[in-house]
Each structure stands twice: as C-alpha cells, then as structure tokens.
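Reader: I would like a close look at one residue and at the parts of the model that can be linked to it. Please keep the account plain and work outward from that place.

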Amino acid sequence: MSERVDSESDAESPLRQVRREVETGRWDGVVGVALALIGVGVVARQPPLVLVGAVGVGYALHARLGEAPEATLDVTRTVSDASPDPGDEVTVTVRAHNAGDAVLPDLRLVDGVPPGLEAVDGPARVATALAPGATATFEYAVRASRGEHRWEPLRAVARDAAGSRERTTDIESASPTRIVCTPELAAGGDLPLRGLTTTYHGRVPTAVGGSGVEFHATREYRRGDPATRIDWNRRARTGELSTLELREERAATVVLLVDARESAYVAPEPDAETAVEASVGAAGQAFTALLGGGDRVGIATLGPLDCWLPPGAGSVHAARGRETLATDPALAPTPSDERFYRSLWFRRFRRRLPVDAQVLFFTPLVDDAAASLARRIDAHGHLVTVLSPDATATATTGNRLVRFERRARLRELRSAGIRAVEWGGERGGQESGERGGQESGEREGRGGAESFAVAVARATGRWSR
Amino acid sequence: MRPLVAVGVAAVAVGFVAAFDRGLAAALDPSTAVVTLVGLFGAVQGLRYASARRSRDRRTTDLGEPERRVRATVPGSDLDAEIARVASSSRGGYRSRSALRDRVREVAIANVARERNCSTAEAARAVESGTWTDDPTAAAFLADDAPYPLRVRLRVAVSGESRYGFGLRTAVDAIGRVEADGSGTEAGR
C-alpha cells in the first residue's frame with residue numbers, strides 16, 4: 001500500500017513520460033517508385049513521367065523532414081461514481097488539453113483502463129488532431145466489479161503530418177483516478193465448524209459438560225448446584241440427588257484463509273469469474289454468518305502480498321472485514337507480480353494464528369501446494385475445512401487431466417480427515433451424487449452450477465461434528 | 001559489394017566534377033545509348049526499392065486492448081501447450097514425455113483404486129497390464145508392453161498425428177469414464 005502511494009507522489013512532478021520516437025516506415029518505398037518513374041521517363045523520353053517522379057521525391061522529402069511532436073497534454077479524468085456497487089456502469093470522461101505550442105496533427109489517445117475492469121460502452125480511445133490550446137474529450141463506461149481499481153496512465157501516440165514518425169507518451173491525469181467497489185456481504189447460511197473452540201460461550205457444541213440446552217450426562221450432586229439442574233425423576237426413583245450436565249456450546253475462533261496466489265486466478269473460461277472472486281464471495285458469506293453466530297472471525301490471504309485481519313467480533317470488526325475482502329490489494333482482481341515465498345509465508349501465518357483458531361481455507365485446489373498446505377495447517381492442530389470453488393474446464397485434454405487431478409486431491413484430503421466442500425463448476429450435484437446418473441450426459445451443461453450456500457448446506461448433513 | 005560501392009562513389013564524384021568543369025562534361029558522350037542505359041538502371045533500382053518495401057511491415061505502436069478485462073487462465077491450458085509440444089516433436093523430449101505419462105498414470109491408478117475398491121498396488125498392476133479399461137489404445141498408452149491396435153496405427157499414420165498424442169488423449173478420456181463410473185457408485189452409497 002505504502003509503495004503505491006510513494007510511486008504516485010513520484011509521478012506527480014513529471015506527469016508525462018515520453019517514451020521514444022519510432023519510424024513507422026509508412027513512406028518506405030516512395031523513393032523507389034519515384035526513381036522507377038524517372039528511369040522509365042528517361043528511357044521512354046517522356047518528360048511528364050519524370051515530372052510525376054519528382055512528385056514522389058517531394059513526398060519522400062516530406063516524410064524525412066517531419067518530426068513527431070511531443071504530446072504535451074494535460075489530462076483530467078472524471079468518473080461519474082467513485083464508489084459504485086458491483087455491476088453498476090460508471091461513466092468515465094477524459095479531457096486532454098494540448099498545453100504545448102506544437103500542433104498535433106495525428107494524435108491517438110488510449111486510456112489506461114484498470115486491468116480488472118471492462119469497458120462496456122464505447123472504446124476507451126480516440127483519434128484526433130489538436131491545435132495548441134484545444135481540448136479533446138471522450139467518454140466511455142466501465143462495469144464496476146469488486147475491488148479498488150486505479151487507472152493507469154493514458155497513452156498518447158502523436159505522429160507527424162506525414163505519419164512517418166511517431167512518439168509515445170504516457171500521461172498521468174492531474175489527480176489519480178480510482179474507483180472503490182465494495183460489495184454488500186451476502187448473509188450466508190449456517191456454516192458448520194469443527195470442534196475446536198475458545199472458552200467463550202457460542203454456538204459450537206462441544207463434548208464438555210456444563211450449562212447449555214442439550215443433555216450431556218448426569219453426575220452426583222455437589223453442594224451449590226442450582227436446583228433447576230437437579231434430576232428430580234431420579235431423586236424420586238432412587239432417593240439420590242444427581243445433577244444434569246448439559247452440553248456446553250462455545251464460540252470458535254475462525255480464520256478465513258483465501259488462496260490468492262497467481263495460480264488461483266483461474267476460471268473455467270477466460271472471461272468467467274476467477275476462483276479468487278468466487279472464494280472472496282464465499283468468504284464474505286462465511287464472515288457474516290460466523291460473526292452473526294458469535295464466533296470470532298479473522299481474514300488472511302495465501303499470496304505474495306500480506307493481508308491479515310486478526311480474529312475479532314463486533315460491528316467495527318464486521319466493517320473492517322468487509323473492507324478487507326473488498327479492497328485489500330492482496331485480494332486484487334488481478335494477480336500481483338511479486339514473488340511468493342511459501343515457507344516464509346507459512347511461518348508468519350503460524351505465528352499469527354491464535355492457538356485455538358480453526359481455518360476455513362478457500363482455494364481452487366488446482367495445484368498440490370494448496371492441498372499439502374491444508375494438511376500442514378491441520379497437522380499443527382488448527383482444524384481445517386477446505387472450501388473449493390471448482391474452476392476446472394472440460395474442453396481439452398489438459399483441462400480434463402487437471403480436473404481429474406483436482407478431484408483426486410479432494411478425495412485425498414477427505415481421506416486424511418479434512419473436511420472439503422466444492423461448489424460451482426460445470427457439474428453440480430457431483431458431491432451428493434443426486435444427479436449422478438445423468439451426469440455424464442450433461443457434461444457440457446452449465447445449468448448445474450451449485451452455489452456456495454447450497455453446497456455447504458448439503459455437506460453439513462453428511463458431517464458429524 | 002565493395003567494387004560496386006567504389007563504382008558508385010566514382011560515378012557520383014565524376015558527376016560533381018562535371019557540374020563545375022565543363023571540359024569533363026563535354027568529354028562525356030550524352031548519346032542515346034548512355035541515357036537509355038542510365039534510365040534503365042534507375043528504373044530497375046527503383047523497382048527493387050519499391051518491392052523491398054512490400055516485404056517490410058509498418059512499425060506502429062501496439063496500443064493493446066485496455067478495454068478488456070485481463071483474461072483468466074483456464075486450468076490446464078499450459079498443460080495443453082506442453083502436450084502439443086511434446087507430441088509434435090518426433091524425437092527428443094523423452095523426459096517430458098515420460099513425465100506427462102507418469103502424471104496420467106498416477107491419476108489413472110488413483111481412480112482405478114477407488115472404483116474397484118482395491119489397494120494402490122493392485123490398481124498399479126491393473127494399469128500396467130492394461131486391464132483397467134476396455135479401450136485398447138488407452139491401455140497401450142500406460143501399459144508396459146501392450147501394443148497399440150493396428151487400426152490406431154493405421155489411423156495415426158494416415159492422419160499424421162503422433163501416436164503419443166493420440167494415446168494420451170484416449171487415456172485421459174478413459175480415465176474420465178472410470179471417474180464418471182466411480183461417482184455413480186458413490187451416489188448409491
């Protein structure tokens with residue numbers, strides 16, 4: 001975060017970065033044509049042909065003498081809504097003012113739309129000519145999606161009048177443009193947790209007797225036990241006093257771990273939502289559901305950029321969690337370029353993880369590293385539940401092989417005693433096998449995609465606590 | 001090339017001198033033949049320049065497509081490139097070929113073990129002997145010594161596809177069938 005601000009303030013002073021001048025080769029060969037015409041004119045003794053050749057020489061000179069002007073533009077960019085909801089169309093207006101003294105006879109402007117956004121209305125570019133002091137304006141719309149999106153510099157390509165040379169300039173707008181899109185966290189259903197709990201009261205039933213609602217055991221009466229907990233039936237039968245023990249329900253500490261390595265930015269189709277988006281959406285649902293149930297919830301990412309929201313509770317924590325899931329750079333809509341050091345990450349993660357925390361690990365599980373990490377965390381005593389959006393495809397041989405490998409990984413995790421749920425994907429219902437019979441027939445059908453909540457609800461029935 | 005350059009430089013030098021020294025200009029014979037020759041030379045050179053242009057591309061800055069969202073990778077698309085590369089090279093790439101084959105074999109063994117409810121070692125034997133699938137091509141791809149059926153050999157020879165690539169595709173399809181069977185039995189559980 002701090003790095004980005006630094007680089008931006010560096011860029012404040014030189015807003016324009018002139019790249020290079022290149023020859024386009026547009027008039028290459030005109031000399032040849034001119035020479036050929038003159039030669040033919042001489043051979044045929046035809047003065048008009050020689051004259052026509054001279055015109056060609058004129059063009060060649062025109063192309064040689066010109067120089068690509070520098071695009072000294074002042075760019076201002078305005079967005080219609082700086083904090084839109086997901087799916088909203090945001091209109092972006094770009095104004096480029098020619099602040100230099102030179103006429104720009106051939107100018108192309110291409111706006112630096114953030115990589116995570118898609119322009120839906122009109123191209124984000126314009127071709128124009130600008131006299132000194134003139135202003136060009138163009139407008140386009142982007143569809144907002146989750147995350148904080150910063151615009152990259154506008155790229156201006158200025159050519160000389162003949163078009164034989166061009167110069168590229170990257171121009172930052174006067175004030176940096178960004179939109180922040182924070183989705184409302186959808187309330188998720190009941191998310192089953194594993195039996196690792198804190199000492200606080202909550203919703204996760206434990207194997208500890210105490211106060212609660214569900215019967216656990218009886219024990220002999222001790223002085224001071226509340227009268228309401230005495231087993232009066234037994235007293236009537238045997239004459240002995242005994243006390244009912246109820247199953248204690250305690251709160252859990254949960255850390256939502258989202259896989260945001262570069263390998264997790266995969267999708268069944270190039271244009272589809274990536275597994276990271278699906279994971280973040282599901283993590284949001286889990287976050288609200290668990291926080292509502294009185295558990296302490298934290299957020300971490302598995303990726304090159306550090307993101308750690310310690311487990312907590314309360315409305316401030318809820319707001320912080322929502323913001324983290326929406327705009328944290330570690331969960332950006334496009335992968336980060338930084339390198340990921342797995343063992344360093346794991347050491348740091350373990351140091352931060354509270355002893356009584358269990359982990360909900362959201363990962364597409366398309367590589368072995370994710371599966372082995374889940375087992376390692378589990379082995380360190382933090383019970384792990386793997387929640388895996390299915391991002392695999394079936395179109396090609398390679399796609400299918402990776403799909404089978406992922407399935408095998410899920411089975412291995414389950415046989416190692418780690419709970420795993422998958423959702424989405426092209427073949428819903430695979431998990432419970434309700435549609436197992438017709439599955440092979442409708443392999444290509446995408447109608448069967450299963451939502452996170454449905455998958456969890458279905459899995460809950462199978463799990464014992 | 002050098003002599004040609006020397007002739008060219010000499011000709012230009014004579015031309016410059018002739019522009020100032022009328023004596024030299026008079027000595028040159030401006031006959032029809034010489035003028036025609038110079039004209040022809042010019043025409044030929046001109047055509048050469050012009051045609052050289054045709055093979056050259058215009059260099060313009062690639063403006064890219066900022067309007068589109070960054071495209072996500074489809075899991076396994078890199079594997080497809082790898083398969084295509086390994087399958088097309090007839091010689092060499094032995095190591096990558098066997099690495100890919102091992103990867104397919106591992107998945108096959110895991111699936112067979114699950115479907116037949118047997119140990120991994122037994123499944124490995126089934127895959128090695130080729131009894132894990134009905135498809136002889138898929139069996140041959142992973143087996144130690146099972147030959148490809150003649151029909152496949154002919155087909156591969158005619159189509160020009162490599163036998164390895166064809167076998168790999170068939171084997172993965174066969175695993176898909178085993179996998180679908182397996183989830184069917186899982187449903188009954």
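What is the relative accessible area of Arg45(A), and how does the residue count by that value?

Author: The model is predicted, and what follows should be read in that light. Arg45(A) has a relative accessible area of 40%. Because buried means under 20% and exposed means over 50%, Arg45(A) counts as partly exposed. Its place is the loop that links α2 to α3 (47–65) in chain A. The backbone there deserves a remark. Most residues other than glycine have a negative phi. Arg45(A), however, has a phi near 55°, a positive value.

Leu365(A) also has a positive phi, about 60°, and is not a glycine. This residue too sits in a loop, here between β17 (357–362) and α8 of chain A. The surroundings contrast with those of Arg45(A): Leu365(A) is buried at 0% relative accessible area, whereas Arg45(A) is partly exposed at 40%.

Back at the loop of Arg45(A), the helix on one side is α2, and Ile38(A) belongs to it. Ile38(A) has a relative accessibility of 25% and counts as partly exposed. Its contacts beyond four places in sequence are Val50(A), Gly53(A), Ala54(A) and Val57(A). Val52(A) is 14 residues from Ile38(A) along the chain, and the C-alpha atoms of the pair are separated by 7.8 Å.

The other end of α2 leads to a further loop. Thr24(A) lies between β1 (16–23) and α2 (30–43) of chain A, and with a relative accessible area of 0% it is buried. The side chain of Thr24(A) comes to 2.7 Å from the backbone oxygen of Gly163(A). Leaving out residues up to four places away, Thr24(A) touches Arg159(A), Gly163(A), Ser164(A), Arg165(A) and Glu166(A) in chain A, and Arg58(B), Arg59(B) and Thr60(B) in chain B.

Arg58(B) provides a link to another residue of chain B. Arg53(B), in helix α3 (residues 32–54) of that chain, is in contact with Arg58(B) and, in chain A, with Gly25(A), Arg26(A), Asp28(A) and Gly29(A), its neighbours within four places in sequence being set aside. The relative accessibility of Arg53(B) is 19%, so it counts as buried, the limit being under 20%.

From Arg53(B) to Ala123(B) is 70 residues along the chain, and their C-alpha atoms are separated by 64 Å. Ala123(B) belongs to α6(B) and takes part in a helix pairing with α5(B). Two packed helices are described by the angle between their axes and the distance between the axes. For α5 (residues 94–116) and α6 (residues 120–129) of chain B, the angle is about 115° and the axes are 8 Å apart. Their crossing is right-handed. On the α5(B) side the contact is made by Arg105(B), Ala108(B), Ile109(B), Val112(B), Ala113(B) and Arg116(B), and on the α6(B) side by Thr120(B), Ala123(B), Ala124(B), Ala126(B) and Val127(B). By class these are 8 nonpolar, 1 polar and 2 charged residues.

Chain A has a helix pairing that involves α8, the helix that follows the loop of Leu365(A). Helix α7 (residues 342–352) packs with α8 (residues 368–379) at about 30°, and their axes are 12 Å apart. Angles under 35 degrees count as roughly parallel, and α7(A) and α8(A) are therefore roughly parallel to each other. The crossing of the pair is right-handed. Helix α7(A) contributes Arg342(A), Trp345(A), Phe346(A) and Phe349(A) to the contact, while α8(A) contributes Ala369(A), Ser372(A), Leu373(A), Arg376(A) and Ile377(A). These residues divide into 6 nonpolar, 1 polar and 2 charged.

A strand of chain A supplies a further case of contact with chain B. Asp111(A) is placed in β4 (residues 104–112) and is buried, with a relative accessible area of 1%. Its side chain makes a polar contact of 2.7 Å with the side chain of Arg77(A). Beyond four places in sequence, the residues touched by Asp111(A) include Val92(A), Tyr140(A), Trp151(A) and, in chain B, Pro66(B).

To end with another loop residue, Leu241(A) lies between α4 (232–238) and β13 (242–250) of chain A. Like Arg45(A), which is partly exposed at 40%, Leu241(A) is partly exposed, at 33%. Its contacts outside four places in sequence are Glu220(A), Tyr221(A), Ile230(A) and Arg235(A).

Definitions and conventions
Residues numbered from 1 in each chain as written. Chains lettered and ligands numbered in written order. Predicted model: local features only at pLDDT ≥ 70, side-chain atom pairs only at ≥ 80, totals over all residues. Heavy atoms only, no water. Axes fitted to C-alpha atoms, helices over the stretch in contact; angles between N-to-C directions. Helix = DSSP H or I, 4+ residues; strand = E, 2+ residues; numbered from the N terminus. Parallel < 35°, antiparallel > 145°, perpendicular 65-115°, else oblique. Left-handed = near helix turned anticlockwise from the far one by under 90°. Contact = heavy atoms within 4.5 Å. Nonpolar A, V, L, I, M, F, W, Y, C, P; charged D, E, K, R; others polar. Buried < 20%, exposed > 50% of the residue type's maximum accessible area, 1.4 Å probe, protein only. Polar contact = N/O pair within 3.5 Å; in protein donor to acceptor, adjacent residues only side chain to side chain.
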